[in-house]
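Visitor: I am new to this structure. Please give me a close look at any enclosed space inside it, and at the elements around that space.

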Amino acid sequence: MAVEIDVNSGFCFGVVTAIRKAEEELQDSGQLYCLGDIVHNAGEVERLCEKGLRTITHEELGKLYDVKVLLRAHGEPPQTYAIAEANNVTIIDATCPVVLQLQRRIKKAYNEGLEAEKNGGAKPLIVIYGKNGHAEVNGLVGQTNGEAVVIQDLDGINGLDLDRDILLYSQTTKSLEGFRQVVEEIKRRKNKGKFEYFDTICRQVANRMEKMREFAASHEVVVFVSGAKSSNGKVLFEKCREVNPRTYLISDETQLLPEWTSGADSIGICGATSTPLWLMEKVADKIRNCNDRNDN
């Protein structure tokens with residue numbers, strides 16, 4: 001039995017940076033707060049908790065004073081920074097550079113819209129293609145004082161005022177295919193006003209999808225490792241299953257079922273941008289160990 005871990009799977013550079021910053025601070029002080037799970041993987045969160053990382057909510061942030069808080073790669077709205085400043089909280093900002101650039105673009109567009117409105121013009125409607133309530137999306141909407149409209153799919157277009165000028169952006173981890181479908185549908189329906197769209201999808205994530213489909217197609221069985229909270233993981237898992245029906249989703253090695261891999265000569269292991277390499281290695285080791293026992 002050949003067991004291969006996909007070299008293109010695992011943490012994206014934004015998550016790598018956030019974890020590095022957390023580990024550096026924990027090594028120095030032994031204690032650090034993180035606003036939300038640093039990564040959508042329970043095993044990695046637990047590993048860092050053992051080093052002194054404590055996950056907090058936005059409500060808890062408002063009650064903390066004179067401490068250090070890490071902002072994860074997803075980014076935060078301006079209100080979070082204001083609360084931290086008021087409470088003398090030191091921010092360790094691990095916002096992904098791609099997300100940070102997108103936040104600045106949306107804020108600039110929003111401010112330009114306000115200026116146009118003051119001068120008697122029309123303020124465009126800022127639309128974000130993304131998952132409602134996702135941490136990154138909350139940070140993006142926050143750049144517009146909560147005025148941006150979030151659409152999750154084509155059905156969301158039904159709620160848009162298509163007579164207004166529209167500026168469309170995308171959550172960085174959404175699929176290119178989905179974004180293009182939204183663009184074409186708005187173009188098809190819109191008869192009045194301007195429509196501008198900006199492909200703001202992270203290419204490290206977008207390019208991973210096709211490579212992962214190729215990886216899934218090259219193995220008899222695929223085990224996809226992802227935390228239950230990972231939106232990216234759910235999307236990538238479905239893409240793998242489209243090309244290989246024998247694709248199974250697990251959070252860790254304890255969820256493996258022997259019948260999945262029984263009789264297979266080639267097994268591939270891959271994961272989300274929030275899946276650590278050490279976890280995929282544990283899954284690979286368990287598959288190999290089970291196979292060795294069966295052979296004996």
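Guide: First, a sorting rule for residues. Ala, Val, Leu, Ile, Met, Phe, Trp, Tyr, Cys and Pro count as nonpolar; Asp, Glu, Lys and Arg count as charged; the others, Gly among them, are polar. One caution too: this is a predicted model.

Now the enclosed space. How many cavities of 30 Å³ or more are there? The count is 1. This cavity holds about 320 Å³ of space. Its lining is made by 24 residues. Nearest the centre are Cys12, Val15, His74, Thr173 and Thr273. Apply the sorting rule to the lining of the largest cavity: it has 11 nonpolar, 12 polar and 1 charged residues.

Which elements give two or more residues to this lining? They are α1 (13–29), α5 (97–118), α8 (203–217) and α9 (231–243). The largest share comes from α1, with 3 residues. We can follow these helices outward, one step at a time.

Start with α1. This helix packs on a sheet and touches β2, β3, β4 and β5. Its direction makes about 165° with that of β4. The sheet itself is open and has 4 strands, in the order β3-β2-β4-β5. Its pairing is parallel. Strands of a sheet pair through backbone hydrogen bonds, either parallel or antiparallel.

Walk across this sheet from one edge. β3 (53–56) is an edge strand and pairs on one side only. It is joined to β2 by 4 bridges. There, leucine 32 stands opposite leucine 53 of β3. Next, β2 (residues 32–35) pairs with β4 (residues 68–71) over 2 bridges, in the parallel sense. In this step, tyrosine 33 faces valine 69 of β4. Then β4 and β5 (residues 90–93) run parallel, joined by 4 bridges. Leucine 71 has aspartate 93 in β5 as its bridge partner. With β5 we reach an edge again, for β5 also pairs on one side only. What is the average turn between neighbouring strands here? It is 35°, direction ignored.

Back to the cavity, and on to α5, which also gives at least two residues to the lining. This helix lies across β6 and β8. It runs at about 170° to β8. Both strands belong to an open sheet of 4 strands, in the order β7-β6-β8-β9, with parallel pairing. The edges of this sheet are β7 (149–151) and β9 (195–197), each with pairing on one side only. Inside the sheet, β6 (residues 125–129) and β8 (residues 166–170) are paired in the parallel sense over 5 bridges. Isoleucine 126 sits opposite leucine 167 of β8. From one strand to the next, the twist averages 25°.

Two lining helices remain, α8 and α9. At what angle do their axes cross? The crossing is at roughly 35°, and the axes come within 8 Å. The crossing is right-handed. On the α8 side, the contact is made by Val205, Arg208, Met209, Met212, Arg213, Ala216 and Ala217. On the α9 side, the residues are Asn232, Val235, Leu236, Lys239, Cys240, Glu242 and Val243. By class, this contact has 9 nonpolar, 1 polar and 4 charged residues.

Keep Val235 in mind. This α9 residue belongs to the contact with α8. Val235 is also one of the residues closest to the centre of the largest pocket, along with Tyr129, Gln152, Lys174 and Ser175. That pocket holds about 310 Å³ of space. It is lined by 17 residues. At least two of them come from α7 (176–189), and at least two from α9. The most come from α9, with 4 residues. By class, the lining of the largest pocket has 4 nonpolar, 9 polar and 4 charged residues.

So much for the tour; here is what to take away. α1 gives the cavity lining its largest share and packs on the sheet of β2, β3, β4 and β5. α5 lines the cavity and lies across β6 and β8. α9 lines the cavity, touches α8 and gives the most to the lining of the largest pocket.

How values were computed:
Residues are numbered from 1 along each chain as its sequence is written. This is a predicted model: local features need pLDDT of at least 70, side-chain atom pairs count only at pLDDT 80 or more; totals for chains, interfaces and linings use all residues. Side-chain values use heavy atoms; hydrogens and water are left out. On a 1 Å grid over the protein atoms alone, a cavity is a set of points where a 1.4 Å probe fits but cannot get out, and a pocket is an open set with protein on both sides within 12 Å along at least five of seven lines; lining residues have an atom within 4 Å of a point. Grid points are joined across faces, edges and corners, and a volume is the space filled by probe spheres set on the points. Axes are lines fitted to C-alpha atoms, for helices over the stretch in contact, and angles run from 0 to 180 degrees between N-to-C directions. A crossing is left-handed if the near helix is turned anticlockwise from the far one by less than a right angle, and right-handed if clockwise. Contact means heavy atoms within 4.5 Å. Two strands pair if DSSP finds at least two bridges between them.
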